[in-house]
Amino acid sequence: VNWSDLKHHACTEIRAANLSGDCSFIQEVTRGNLSIRAQQQKCVRRRAELSVAMNPSSSGAQDVKDAVAAAWHHCYYDRAPFE
């Protein structure tokens, strides 16, 4: 993983939030996030963006959103090695 590449960083964060259970319905309810529709995806995206924003290679909010969006489809649906 090249940590200065925001897409690589975004992918690791997307997978971590998605596969760890940290964005489960119960976790989100305890945080006060009560949206029923697509709450897990919103949580994964939010957590990935927050983490990537801390990367020194990031040049701003749009840069972070673009990196997460670019990595989203491939990394969100990647369940290896759990499948």
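Buried means under 20% relative accessible area and exposed means over 50%, with partly exposed in between. A38 has a relative accessible area of 34%, so it lands in the partly exposed class. Keep those cut-offs in mind, since they come back for several residues below. One caveat before going on: what you're looking at is a predicted model.

**Overall fold**

Let's start with the big picture. The chain has four helices and zero strands, and reading along the sequence gives the pattern α-α-α-α. Its radius of gyration is 13 Å, close to the 12 Å that the globule rule gives for 83 residues, so the chain is as compact as a globular protein of that length. If you'd rather think in terms of a box, the C-alpha trace spans about 35 × 30 × 15 Å along its principal axes.

How much of the chain is buried? Buried residues account for 30% of the 83 residues. As for the outside, the accessible surface comes to about 5,300 Å², and carbon and sulfur atoms own 57% of that. Contacts reach well along the sequence too: among those with a separation of 6 or more, 60% are between residues 24 or more positions apart. On the charge side, there are 10 positive and 9 negative charges, and their mean positions sit 7 Å apart.

**The disulfides**

Now for the sulfur chemistry. A search of the whole structure turns up two disulfides. Number the bonded cysteines in sequence order and the pairing reads 1-4, 2-3.

Take C11 and C75, whose sulfur atoms are 2.0 Å apart in a disulfide. This pair ties together distant parts of the chain, with C11 in helix α1 (residues 6-20) and C75 in helix α4 (residues 61-76), 64 residues apart. The torsion about the S-S bond is -105°, and the link of C11 and C75 is left-handed. Are the two ends buried or exposed? C11 has 17% relative accessibility, so it counts as buried. C75 is buried as well, because its relative accessible area is 3%.

The other disulfide joins C23 to C43, with an S to S distance of 2.1 Å. Here, too, distant parts of the chain are linked: C43 belongs to helix α3 (residues 39-53), and the two cysteines are 20 residues apart. The torsion about the S-S bond of C23 and C43 is about -70°, so this disulfide is left-handed. With a relative accessible area of 3%, C23 is buried, and C43 is buried at 0% relative accessibility.

**A few residues up close**

Here are the accessibility values for some individual residues outside the disulfides.

| Residue | Relative accessible area | Class |
|---|---|---|
| H9 | 8% | buried |
| V64 | 4% | buried |
| A38 | 34% | partly exposed |
| F82 | 64% | exposed |

H9 is found in helix α1. What does H9 touch, leaving aside residues up to four places away in sequence? The partners are W3, S51, V52 and N55. H9 is classed as buried because its relative accessibility is 8%, under the 20% cut-off.

V64 lies in helix α4. With residues up to four places away in sequence again set aside, V64 touches E49, V52, A53 and S58. So V52 is named as a partner of both H9 and V64. The C-alpha atoms of V64 and K7 are separated by 8.8 Å, although their positions lie 57 residues apart along the chain. V64 is a buried residue because its relative accessible area is 4%.

Back to A38, which lies in the loop between α2 and α3. What is notable about its backbone is phi: the value for A38 is near 55°, which is positive in a residue other than glycine.

Finally, F82 is found in the segment after α4. Its relative accessible area is 64%, over the 50% cut-off, so F82 is exposed. The C-alpha atoms of F82 and E28 are separated by 23 Å, and the two residues are 54 apart along the chain.

Key. Residues are numbered from 1 along each chain as its sequence is written. This is a predicted model: local features need pLDDT of at least 70, side-chain atom pairs count only at pLDDT 80 or more; totals for chains, interfaces and linings use all residues. Side-chain values use heavy atoms; hydrogens and water are left out. A disulfide is a pair of cysteine sulfur atoms within 2.5 Å. Buried means under 20% relative accessible area, exposed over 50%, partly exposed in between (1.4 Å probe, protein chains only). The radius of gyration is taken over C-alpha atoms; the globule rule is 2.2 Å times the number of residues to the power 0.38. Contact means heavy atoms within 4.5 Å. Accessible areas come from the Shrake-Rupley method with a 1.4 Å probe; for residues, only the protein chains shown count as cover. Lys and Arg count as positive and Asp and Glu as negative; His and the chain ends are not counted. The place of a charge is taken as NZ of Lys, CZ of Arg, CG of Asp or CD of Glu.
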